[in-house]
Amino acid sequence: MKRRAVPKDETGASASIMLAPGEVLHDKTRGFVAGDGEAIGGDVLLREKLAPVSILKKLPRIRWDELLNRTISPSVDLTGYLQEALDEFAGQTIAIPPMSLFIRKTMMVRAGTKLLIDPGCVLRTNTAAWIDSGIEETLNGETRPDVGFLIANANWDADEILDSSIQIVGGKYIRDDAGAGNQGHAILMRGVRGVLVDNVSVENGWNATAFLACRDTIVTNSYAHNVRNCGFDAWEGAGNVKVDKVTVRNDPGKEIAQGIQVSGMATDGGEGDSFAFQVTNATLIGIRSPEGYASAIIANAIGLGSSVRGGVISGNVVDDADNGLVVQGDVSAITGDGNVLRGVSKAPVLVIPDLSGLPSNISIDAMLVNCSSDNALGAIHGNRNDVRIRLVGSNPATRTVRFEGTATNCRAIIRGPVNENVPVQDDNPAGKNSATWDDVDESIVFTRGSGDPDAFTHGWTFRQLLQEGATGHFEGLHIVCDARAHGKVGQFIVGIQGMGRTDASGNVFGAGGYAQVGVTGLASAEVVGGEFNVDVRAPIVLRKVGVQSVDVRTSVGSGSAIDAAFWSARQVGGAGFLNGLQFGIGPDNEFALKNGTHNALISVKGGSGVSIGYALDANDITFVQSAIGLRAQALGHGIGWGLGSNDNRDGGEIRSDASEPAGKVIFTNGGLVVQNGNGANAFGVTDEDANPVAIVVNGSLKTVRAANSPPPGAFILYVD
């Protein structure tokens with residue numbers, strides 16, 4: 001059997017999907033969900049409601065008792081009967097009861113089949129049995145006896161994905177001989193969409209599981225002991241890989257290359273692009289090799305043209321290993337936190353290149369315990385952006401950082417006791433690398449400040465430095481709280497919450513923004529102290545607010561100097577703002593408010609039981625023009641009072657219908673004057689008690705009074 005090129009996805013697409021922790025990719029046509037009776041490969045496993053088919057139906061009856069009593073000899077070859085059962089009942093659930101089976105030829109599982117293997121069932125083999133079978137394979141140009149796989153998918157050697165929805169649950173897989181050399185994988189899946197391996201135990205051999213060019217795979221609750229190459233392995237362009245709650249354990253002196261691996265390279269050394277993997281909650285013990293190159297968890301592209309895109313490495317525990325978490329080659333968008341690395345002797349976290357290229361966009365956190373490494377981080381990084389390693393540890397020896405070769409833009413944050421004598425080695429001083437030490441606990445920070453009454457003491461500082469020629473948009477810190485479809489009415493989902501607190505005095509702020517343009521800043525720069533964006537993609541929501549201020553129920557005090565929902569000021573020496581509150585910037589399509597009849601620039605809802613002194617209080621301000629300027633308005637706009645709840649203006653109105661210079665009403669000391677459009681006085685109210693009304697006659701203001709005794713039915717006014 002010859003290994004061929006990487007199988008092609010039938011869609012021909014090269015997806016790039018980052019899965020969140022605990023998430024499995026669902027696809028309506030090719031999705032995979034690990035569960036009985038749920039969608040797998042787009043179908044529904046209704047067969048789970050049927051009684052499983054026992055493998056004993058295809059075994060010679062004379063051997064049943066021997067099988068059940070586990071007395072069968074390796075000389076008895078039942079592989080043919082097993083394969084007949086797998087072929088006849090393909091696509092169904094096939095149960096294998098507790099027994100000991102000696103396997104001489106790979107058990108080929110077809111699409112849609114679930115092998116339900118009793119935990120007491122042992123599948124055994126050895127290298128001699130496979131050599132005796134006369135089967136050969138060609139790998140990397142070398143023909144040799146095929147040492148075999150215990151279980152594989154039927155179309156594992158195809159050039160395209162032909163198999164789907166295969167589940168292997170339970171069973172113990174043992175190679176009796178644990179000598180040197182390639183001894184085969186317990187479970188091999190190549191070119192399968194939708195694989196579940198659950199609750200399996202593997203002893204010896206090359207890999208416990210090997211997934212090549214597969215999509216939507218899960219390995220969980222499984223155990224690998226004393227395997228030679230890798231516990232749980234995925235390569236050759238694997239996509240949507242999940243390895244969760246597994247254990248890889250090698251005894252002292254039992255070498256292994258890596259505990260868990262996700263790789264891009266094809267078996268024959270060709271190109272491969274893997275994507276979207278999760279390695280979570282795994283335990284890896286005794287990951288050692290004679291050369292000291294073994295890696296507990298590794299994401300590596302390996303080879304020109306290969307890559308790994310998007311992965312999560314979180315919640316894993318490594319105990320006793322050469323290297324802890326390794327990222328190698330053209331690997332990008334990898335995140336991880338909650339990892340504990342104990343007893344790592346070389347690099348707890350290692351980020352390095354290979355022929356495929358350089359790692360980028362890497363962010364990994366780890367807690368170090370009793371690591372004896374000289375280098376907490378070794379990074380040969382080239383000119384790609386953003387490798388960040390945060391290590392928490394108590395052993396000073398683990399805090400040495402080395403930026404190797406052409407390392408550029410690498411950041412290491414080491415938390416633990418400060419030891420200034422532990423050096424940082426930077427092979428590329430011009431590479432803008434940085435290492436930061438903190439001597440405090442990660443969660444609680446005790447500090448006395450800098451001693452400068454005008455300076456801030458920072459608990460945490462995140463700083464992103466842009467390279468010359470950097471393009472696109474940048475965020476120093478991006479925090480997302482994503483409820484997805486699980487949000488409930490009344491539930492608060494907050495992306496970031498700031499809180500300042502004091503039980504004495506001080507200026508307390510919940511959150512603060514500070515935007516700065518330096519003295520060499522250009523006139524094209526724009527600066528905003530704080531921006532709040534709203535993105536409502538649904539047609540209607542209950543509340544849509546850009547900025548919200550709430551005085552909470554426990555807030556019972558008042559401000560003696562300032563008491564306001566929104567307040568704007570400037571410091572001494574500041575230029576100040578041109579406008580206090582501004583809507584829009586000019587073009588109508590950028591104006592903040594939409595068309596409406598009952599919307600308003602300033603809207604007050606409720607408050608009928610609250611006494612307010614003023615609608616607008618502008619004390620001590622000198623207005624150069626109008627206190628309220630309604631400029632460039634259409635005819636008939638004004639100020640109106642409605643009756644009831646309607647704006648019908650029946651309660652009175654002040655408006656302007658003028659299209660040319662209009663008259664004015666001017667209040668004077670003790671009276672008022674009405675002027676015409678030319679600025680001439682036409683009417684006035686004086687401060688005289690007897691005759692307070694006056695009009696203009698021949699350019700002079702004359703008093704108007706009523707006659708004392710007019711004729712019956714008449715009303716006479718005199719102008720004096």
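A salt bridge is counted where a side-chain nitrogen of Lys or Arg lies within 4 Å of a carboxyl oxygen of Asp or Glu. The model is predicted, with local features requiring pLDDT of at least 70 and side-chain atom pairs pLDDT 80 or more, while totals for chains, interfaces and linings use all residues. Residues are numbered from 1 along each chain as its sequence is written, and side-chain values use heavy atoms, without hydrogens and water.

**Exercise 1.** Determine which parts the salt bridge of arginine 342 and aspartate 319 ties together.

*Solution.* Step 1: the two side chains meet at 3.5 Å, N to O. Step 2: arginine 342 belongs to strand 30 and aspartate 319 to strand 28 (residues 317–321), so the bridge ties together parts 23 residues apart in sequence. Strands (E, at least two residues) are DSSP runs numbered from the N terminus.

**Exercise 2.** Classify arginine 309 and aspartate 330 by accessibility, after locating their contact.

*Solution.* Step 1: the closest N and O atoms of this salt bridge are 3.0 Å apart. Step 2: arginine 309 lies in strand 27 (residues 307–314) and aspartate 330 in the loop between strand 29 (323–328) and strand 30 (331–344), so parts 21 residues apart in sequence are tied together. Step 3: buried means under 20% relative accessible area, exposed over 50%, and partly exposed in between (1.4 Å probe, protein chains only). Step 4: arginine 309, at 28%, is partly exposed, whereas aspartate 330, at 12%, is buried.

**Exercise 3.** State how many salt bridges the whole structure contains.

*Solution.* A search of the whole structure finds 12. One of them joins arginine 655 to aspartate 657, with closest N and O atoms 2.9 Å apart.

Terms used. Helix = DSSP H or I, 4+ residues; strand = E, 2+ residues; numbered from the N terminus.
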